[in-house]
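User: I would like to go through this model by question and answer. Please keep it brisk.

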Amino acid sequence: MKKHAYALGGAGLMLGVSLLAVQAQDLTGELPDPPEFSAQSEPTFVSVSDIQEYKALPEYHEPDWVTAKYVDAGTLPPVAERLPKEPLVFKTGNMPDGIGVYGDTMRHVIGGRPEGWNYTAGQNQGWGGIDIGLSECLTRTGPLFEVKADELEPLPNLAKSWEWSEDGHELTMHLIEGAKWSDGDPFDADDVMFYWNDAIMDSNVSPLNGGTPETFGVGTTLEALDPYTIKWTFKEVRPTQYLYAMAYGTFCPGPSHILKPQHPKYSDNTYEQFKNAFPPEYMNMPVMGAWVPVEYRPDDIVVMRRNPYYWKVDENGNQLPYLNEMHYRLSTWADRDVQAVAGSGDFSNLEQAESYVEALKRSAEDSAPARLQFGARTIGYALEFNLSANGWGEPDTRGQAIHELNRNLDFRKAVSIAIDRQRLGDSLVRGPFTAIYPGGLYAGTAFYDKASTVYYPYNLDAANALLDGIGLLDTDGNGVRNLPDGGADVEITLLANTDYATDTNLAEGVIAMMEPLGLRVIANFQAGTSRDDMQQAGQFDWHVRRQGAEMVSVVQGTTFLAPTGPQTSYFHRAGTDGTVDILPFEQELVDTVNTFVATSDNAERAELMKTFQHVFTENVYSVGLTQYPGALIINKRFANIPAGAPIFMFNWAEDNIIRERIYVPADQQGDYELHPETLPGAPGGAGPV
Ligand code: GLA
């Protein structure tokens, strides 16, 4: 690399001048409006009560083969006895193609690999909608993309209704009564309390998707009043925000009758043994979701069969789901796009911008087996700095020095303005897809405010001058800046996820753009699961990460927006002494988020998010890289796909499209079932029966 590429300058005099110039210079600039890219279909906006209700119906139905082979044979109770007193009923008026028919399979392809079935203890199931389908949660948010803005409130789910006390501190929730896990064991408050007491409140257990006490407010208590009634007590008054935290992925209880006997509090197991007690080979894990895992072949497939105890029905009393089987081919995320477009797979969230042009071309043909529909720009990436200087991740001397640099605003600013976002976006895909992302909340979400967004445009000279100014000079002339006082070369490790080409492409782009800034950035590219582990353990200096729902919806995943607790932030968690060494502007973010959570006043919330966005972007809390739209690809044979379903908003499309309601018309059904006319067997036992 060329030394003259940056403004270290020969003459001391010149250096002094350029430094002064930068200090006086306003580095902010006008944020260009994103290129016009209209979503290809709009949702039909409705009320929550238009989508579903809970009620008993005069009669219930199930696939004929279930009655013939199981009920008539005496191995399964009649459907009416398997359903709760009042099942969740999806209303026909909100089903785009109406009441469905039974049969067929949805063939997913995923890039993850299941660690095991213990979601409660933090194991992932390979993503791509497996865990979303297994986990039913107290409330539900995915379908909210089609709920009228002024009626926005999470959908009831396992909690069928709730009321607030007069003073607003207590929330009493009524659970569905008489629903059962997929093995027939009753679902009740024991399951909810096990999740609360022995996962959320037990600091040795970290459920998948990051539920912590802060997620529900410090000091919040939960108690069971009877098997179907639970009562929350909050410090805040009427914090309706927590209803969002009770949805996927932070309040989805697991089967306590299976999990509890393995938990260290009730057994001789260590926490590690508890976590690993249900490996991927463990079949028929009891779930409340519509399909149960019945077959696993490593690096090949996970197969799920319909849950005979599923507790949702259509208005004619047909027990859901309509689809008998779910496949999750264990491949790569890029292959998910390819197969969905080609018709050998059925579903994809098109989210890796590198494959957009090809996918669009092939889907435009009349004979294309799948439809492809773009939504808003809700996929976004940021470069995150590890902001802990008190030991999170146990950095060595080099790492510690970098973490301290990360805490310096001039350093973060220099990194940010050394990134040419336009070029970075174009390197993924040309055309109107990518937009310059200044960081913080995404443009196009309800809480975004352009005027509150501070944008520092690309300015390599100023970036170099900023680093000169904080004493990072190339003292040994090797083209890499040195730590102050003749220290070592500035070497930074960059964590990224190899499961996605986009993640590593963006990380490569960042690495290249840091070169003319005199920073040596070293790739630490890891497969998804180890990436997750390293991120959670704080073992990174920088991290390129696809961001979560908090940047899109704000109300979902809200506690991830700032270090509101010791384990809530993606890039700043508690150090060795258990405290977070929070910076003053982070405290402002924390206070803003906490106030946001505590109020239900919409005008106040909008103002709070303006403050959040301002403080976030002005301080380059993380470096926005690019944002772009995703597209839902789904095989044309599926019916009941809601209009305008985004691939990512409050949740991923796998939840948004309400898979339990999707069906394939009889004349279009494929012959894909691997285990036709079978149901899940006993927990831990061999496959389907
Ligand atoms: C992965 C995929 C997403 C989505 C989620 C669902 O993250 O990349 O498109 O399928 O899994 O959990």
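User: Which span should the 15 residues of helix 18 have, at 1.5 Å a residue?
Analyst: This is a predicted model, where local features need pLDDT of at least 70, side-chain atom pairs count only at pLDDT 80 or more, and totals for chains, interfaces and linings use all residues. Residues are numbered from 1 along each chain as its sequence is written, and side-chain values use heavy atoms, with hydrogens and water left out. Helix 18 covers residues 584-598, and the expected span is 1.5 Å times one less than the number of residues. The end C-alpha atoms are 21 Å apart, which agrees with the expected 21 Å.

User: Within what arc do the buried residues of helix 18 fall?
Analyst: Buried means under 20% relative accessible area, against over 50% for exposed and in between for partly exposed (1.4 Å probe, protein chains only). The buried residues of helix 18 include Phe585, Leu589, Val593 and Phe596. They line one face of the helix, because seen down its axis (directions taken from the axis to the C-beta atoms) they fall within an arc of 165 degrees.

User: Which helices do the buried residues of helix 18 pack against?
Analyst: Helices here are DSSP runs of H or I with at least four residues, strands are runs of E with at least two, and both are numbered from the N terminus. Contact means heavy atoms within 4.5 Å. The partners are helix 7 (242-245), helix 13 (409-417) and helix 19 (602-618).

User: Which helix gives the most to the largest nonpolar core?
Analyst: A nonpolar core is a set of buried Ala, Val, Leu, Ile, Met, Phe, Trp, Tyr and Cys residues joined through side-chain atoms within 4.5 Å. The largest has 186 residues, and Leu138, Trp232, Met246, Met514 and Trp542 have the most contacts inside it. With 8 residues, the most is given by helix 6 (residues 189-200).

User: What is the strand order of the open sheet of 3 strands?
Analyst: Two strands pair if DSSP finds at least two bridges between them. Strand 14 (347-350) and strand 15 (370-374) are the edges, each pairing on one side only. Strand 14 joins strand 22 (residues 631-635) through 4 antiparallel bridges, and Asn349 stands opposite Leu632 in strand 22. The order is 14-22-15.

User: At about what angle does helix 10 run to strand 14?
Analyst: Axes are lines fitted to C-alpha atoms, for helices over the stretch in contact, and angles run from 0 to 180 degrees between N-to-C directions. Helix 10 (residues 333-342) lies across strand 14, strand 15 and strand 22. To strand 14 the angle is about 125 degrees.
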